[in-house]
Amino acid sequence: MLYALTLYVLLGIGLASSAGFLVLHRPRHPFRITEVNSSGWVIIIGLIYARSLLLPGIRGGSSPAPWWDTVLSLGLLAATTALLLIRFFSYLRYLRRHPEDPPTAS
């Protein structure tokens with residue numbers, strides 16, 4: 001039960017920060033290389049998180065793996081979620097410092 005709760009919390013936080021970044025970023029030219037570089041990995045990870053959030057609901061949230069596999073999986077998920085949160089909050093900080101010049105306005 002604790003594994004499923006931890007999984008849902010990490011996936012929910014990661015998906016929310018990914019969606020929040022994409023809502024704030026709003027690229028005008030999404031296929032330019034700079035836009036793909038800045039938001040492409042966030043989109044890919046967000047889609048993986050959305051898929052992963054659905055799978056425990058379908059399969060059940062119990063962990064069939066040994067304890068070390070569970071710790072490794074949750075550790076990697078927590079690290080990726082932390083990267084998404086850093087990306088989201090650093091972009092918020094950038095927007096506060098540069099309100100007149102959003103990077104995607106041109």
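A nonpolar core is a set of buried Ala, Val, Leu, Ile, Met, Phe, Trp, Tyr and Cys residues joined through side-chain atoms within 4.5 Å. With that in hand, here are the close-up views; please keep in mind that the model is predicted.

**Figure 1. The protein chain as a whole runs α-α-α from the N terminus on.** The secondary structure comes to 3 helices and 0 strands. Of the 106 residues in the protein chain, 27% count as buried. The accessible surface of the chain comes to about 7,200 Å², and carbon and sulfur atoms hold 70% of that area. If you like contact maps, look away from the diagonal: among contacts with a separation of 6 or more, 81% are between residues 24 or more positions apart.

**Figure 2. The largest nonpolar core brings together 12 residues.** Its members are L7, L10, L11, F21, V42, I45, Y49, L74, L77, L84, F88 and Y91. Helices α1, α2 and α3 are the elements that give two or more residues to this core. Which helix gives the largest share? That is α3, with 5 residues. As background, nonpolar side chains in soluble globular proteins tend to be buried together.

**Figure 3. L77 is a good place to pause inside the core, of which this residue is a member.** Leaving aside neighbours within four places in sequence, L77 is in contact with L7, L10, L11 and Y49. These four contact partners are also listed among the members of the largest nonpolar core.

**Figure 4. F21 and Y91 form an edge-to-face aromatic pair, one of 3 aromatic pairs in the count.** The ring centres of F21 and Y91 are 5.2 Å apart, with 75 degrees between the planes. That angle is over 60 degrees, so the pair counts as edge-to-face. F21 lies in helix α1 and Y91 in helix α3 (residues 67-97), so the pair ties together parts that are 70 residues apart in sequence. Are these two residues buried or exposed? F21 is buried, with a relative accessible area of 1%, and Y91 counts as buried at 8%.

**Figure 5. Y91 also pairs with Y94, this time in a stacked arrangement.** Here the distance is 6.3 Å centre to centre, and the planes are 25 degrees apart. Because planes under 30 degrees apart count as stacked, the pair gets that name. Y91 and Y94 are 3 residues apart in helix α3, which means that about one helical turn separates them. Y94 counts as partly exposed, at 29% relative accessibility. Taken together, ring pairs link F21, Y91 and Y94 into a cluster.

**Figure 6. S38 sits in helix α2 (residues 33-59) and is buried.** Its relative accessible area is 16%, and the cut-off for buried is under 20%, so S38 falls on the buried side. Not counting residues up to four places away in sequence, S38 touches F21, H25 and R87. F21 in this list is the residue that also pairs with Y91. P27 can be found 9.7 Å from S38, C-alpha to C-alpha, and the two are 11 residues apart in sequence.

**Figure 7. S17, found in helix α1, is another buried serine.** Its relative accessibility is 5%. Which residues does S17 touch, not counting those up to four places away in sequence? They are L84, L85 and F88. Of these partners, L84 and F88 are listed in the largest nonpolar core.

**Figure 8. L2, L5, V9 and I13 form a nonpolar patch on the surface.** Together, the four residues have about 380 Å² of accessible area. I13 is found in helix α1 (residues 2-25). This isoleucine counts as partly exposed, with 37% relative accessibility. Membership of such a patch requires over 30% relative accessible area, so the 37% of I13 is above that cut-off.

**Figure 9. G57 has its place in helix α2 and is exposed.** The relative accessible area of this glycine is 57%, which is over the 50% cut-off and therefore counts as exposed. How far apart in space are G57 and A4? The C-alpha to C-alpha distance is 9.4 Å, while 53 residues separate the two in sequence.

Terms used
Residues are numbered from 1 along each chain as its sequence is written. This is a predicted model: local features need pLDDT of at least 70, side-chain atom pairs count only at pLDDT 80 or more; totals for chains, interfaces and linings use all residues. Side-chain values use heavy atoms; hydrogens and water are left out. Patches are made of residues with over 30% relative accessible area and no salt bridge: like charges are joined within 9 Å, nonpolar side chains (Val, Leu, Ile, Met, Phe, Trp, Tyr) within 5 Å. Accessible areas come from the Shrake-Rupley method with a 1.4 Å probe; for residues, only the protein chains shown count as cover. A salt bridge is a side-chain nitrogen of Lys or Arg within 4 Å of a carboxyl oxygen of Asp or Glu. Helices (H or I, at least four residues) and strands (E, at least two) are DSSP runs, numbered from the N terminus. Buried means under 20% relative accessible area, exposed over 50%, partly exposed in between (1.4 Å probe, protein chains only). Rings of Phe, Tyr and Trp (its six-membered ring) pair if their centres lie within 6.5 Å; planes under 30 degrees apart count as stacked, over 60 as edge-to-face and the rest as tilted. Contact means heavy atoms within 4.5 Å.
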